[in-house]
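Visitor: I have a structure open in front of me and would enjoy a guided tour. Could you take my questions one by one?

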Amino acid sequence: MLIISQQEVVELLPMDECMAVMADALTSLARGDALLPLRTMLHLPRDLGILATMPGYLGDPEALGIKVITVFPGNHDTEFDSHQGVVLLFETGHGSPVAMMDASAVTAIRTAAVSGVATGLLARTGAKDLCILGSGVQARTHLAAMLFARRIDRVRVWSRNAENARIFARDAHERHGIVVEVHGDARNAVEGSDIVCTVTASREPVLFSEWLKPGAHVNAVGASLRTARELDSATMARAKLFVDRRESALNEAGDFLIPRGEGLFGDDHIRAEIGEVLAGTHGGRASETEITVFKSLGLAVEDVAAAQHVHYRALERGLGTTVLLGGRR
Ligand code: NDP
């Protein structure tokens with residue numbers, strides 16, 4: 001088995017390559033060429049966090065694996081990632097495990113890559129003004145993905161803790177050579193933006209409909225529980241809604257389920273899965289003025305496809321550490 005570290009995953013999974021891998025994986029999913037149950041979530045006592053398991057299988061190219069990950073929001077502002085774990089990859093000839101890799105990096109990169117694909121499909125062609133709400137791990141990878149998705153010429157960031165937003169802006173300048181405006185008020189950061197990424201661990205709305213201009217595109221990424229949301233009900237009711245997977249949205253997305261529970265819309269409010277737009281079975285944006293929302297929950301097939309790509313590249317470049325596990329007579 002090949003063990004692949006966080007640093008190696010980052011090196012082997014550049015954002016643009018990951019976006020192409022995610023587009024293929026989501027297209028396969030839309031064609032029914034994938035198997036994945038809803039994730040299991042073990043909610044730990046004392047609000048410590050969650051242990052989640054996410055198994056998945058993709059038919060073409062064939063990939064089989066599982067992500068096991070803890071989400072400890074209390075790790076924020078410590079030296080520990082809030083998402084930690086491993087992705088285990090198996091070959092399908094004999095079912096042998098072939099690779100195990102850091103899941104923090106896979107999660108950080110694949111999630112933003114999927115938002116990048118969604119933005120490429122749904123944002124207006126001329127979208128160039130970006131706002132990011134949040135300044136953590138996902139904020140960083142989302143900035144990288146948005147720079148691939150559109151020609152961005154203005155970036156604004158807001159974060160609950162203004163100092164973290166300033167550090168984000170400084171890092172972004174070092175990494176991408178761009179100036180990021182730090183806003184102390186979320187509304188000021190959002191107003192006039194073409195693309196808004198919500199990447200916070202907030203359980204209450206951080207984005208409100210009246211802040212959004214016609215034609216804006218939103219990637220709603222941070223809330224992954226039925227009881228948590230980042231978008232207010234009016235945004236969801238007003239938006240043309242796209243998801244990574246219907247079944248996941250109908251079971252796991254507070255952003256969708258809370259306003260549905262208020263009677264604002266039914267299940268048919270979901271216009272399409274991103275994979276269906278990629279496969280051409282559903283259209284994407286229908287006008288220059290409609291607001292599009294991509295509600296991301298994160299899927300096991302994204303992890304498995306990303307891990308398969310990392311494994312392939314690691315073998316190509318001789319990276320990773322091999323251990324003999326056994327499993328053969
Ligand atoms: P980090 O711990 O790195 O960052 C957390 C961010 O959330 C910080 O910017 C923090 O702001 C902000 N935040 C925390 N609590 C609040 C609050 N009550 N109100 C407003 N902002 C808040 O986490 P990640 O970047 O890794 O993840 C961000 C979110 O995305 C998480 O909720 C995570 O579960 C989710 N996620 C979703 C995925 C998907 O596939 N859809 C995949 C991976 C993560 P500040 O620093 O200013 O306090």
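Guide: Gladly! Contact here means heavy atoms within 4.5 Å. Please keep in mind that this is a predicted model.

Visitor: Leaving aside neighbours within four places in sequence, which residues is Ile-132 in contact with?

Guide: Ile-132 is one of the residues with the most contacts inside the largest nonpolar core. Once its neighbours within four places in sequence are set aside, its partners are Ala-139, Leu-143, Arg-156, Val-157, Trp-158, Phe-168, Cys-197 and Val-199.

Visitor: Which helix gives the most to the largest nonpolar core?

Guide: That core has 75 residues, and Met-22, Met-101 and Leu-130 join Ile-132 among those with the most contacts inside it. The helix that contributes the most, with 10 residues, spans 103-122 and is α3.

Visitor: And which domains does this core draw at least three residues from?

Guide: One of them is assigned to residues 124-298, and the other is made of 2-107 + 301-322. At least three core residues come from each, so the answer is domain 2 and domain 1.

Visitor: How many residues are in the other core, which lies apart from this one?

Guide: Among its members are Val-190, Leu-231, Leu-241 and Phe-265. The count for this separate core is 28 residues.

Visitor: Is Arg-156 buried or exposed?

Guide: Arg-156 is found in strand β9, residues 154-158. Its relative accessible area is 3%. Buried means under 20%, so Arg-156 is buried.

Visitor: Which side chain makes a polar contact with the side chain of Arg-156?

Guide: A polar atom of the Arg-156 side chain lies 3.4 Å from the oxygen of Ala-189, but that oxygen belongs to the backbone. The side-chain partner, at 3.3 Å, is Ser-193.

Visitor: Turning to the ligand, what distance separates a polar side-chain atom of His-76 from an oxygen atom of the ligand?

Guide: The ligand is surrounded by 25 residues, and His-76 is listed with the closest, together with Ser-159, Asn-161, Asn-164 and Gly-222. Ser-82 has a side-chain N or O atom 3.1 Å from a ligand oxygen. For the polar side-chain atom of His-76, the distance to an oxygen atom of the ligand is 2.6 Å.

Visitor: How much of the ligand's accessible area does the protein cover?

Guide: Backbone atoms take part around the ligand too: a polar one of Val-221 is 3.1 Å from a ligand nitrogen. On its own the ligand has 920 Å² of accessible area, and the share covered by the protein is 88%.

Visitor: Which element gives the most to the shell around the ligand?

Guide: The elements that give two or more residues are α4 (137-149) and α3. With three residues, the one that gives the most is α3.

Methods:
Residues numbered from 1 in each chain as written. Predicted model: local features only at pLDDT ≥ 70, side-chain atom pairs only at ≥ 80, totals over all residues. Heavy atoms only, no water. Core = buried A, V, L, I, M, F, W, Y, C linked by side-chain atoms within 4.5 Å. Buried < 20%, exposed > 50% of the residue type's maximum accessible area, 1.4 Å probe, protein only. Helix = DSSP H or I, 4+ residues; strand = E, 2+ residues; numbered from the N terminus. Near = heavy atom within 4 Å. Polar contact = N/O pair within 3.5 Å; in protein donor to acceptor, adjacent residues only side chain to side chain. Areas by Shrake-Rupley, 256 points an atom, 1.4 Å probe, with all protein chains shown as cover.
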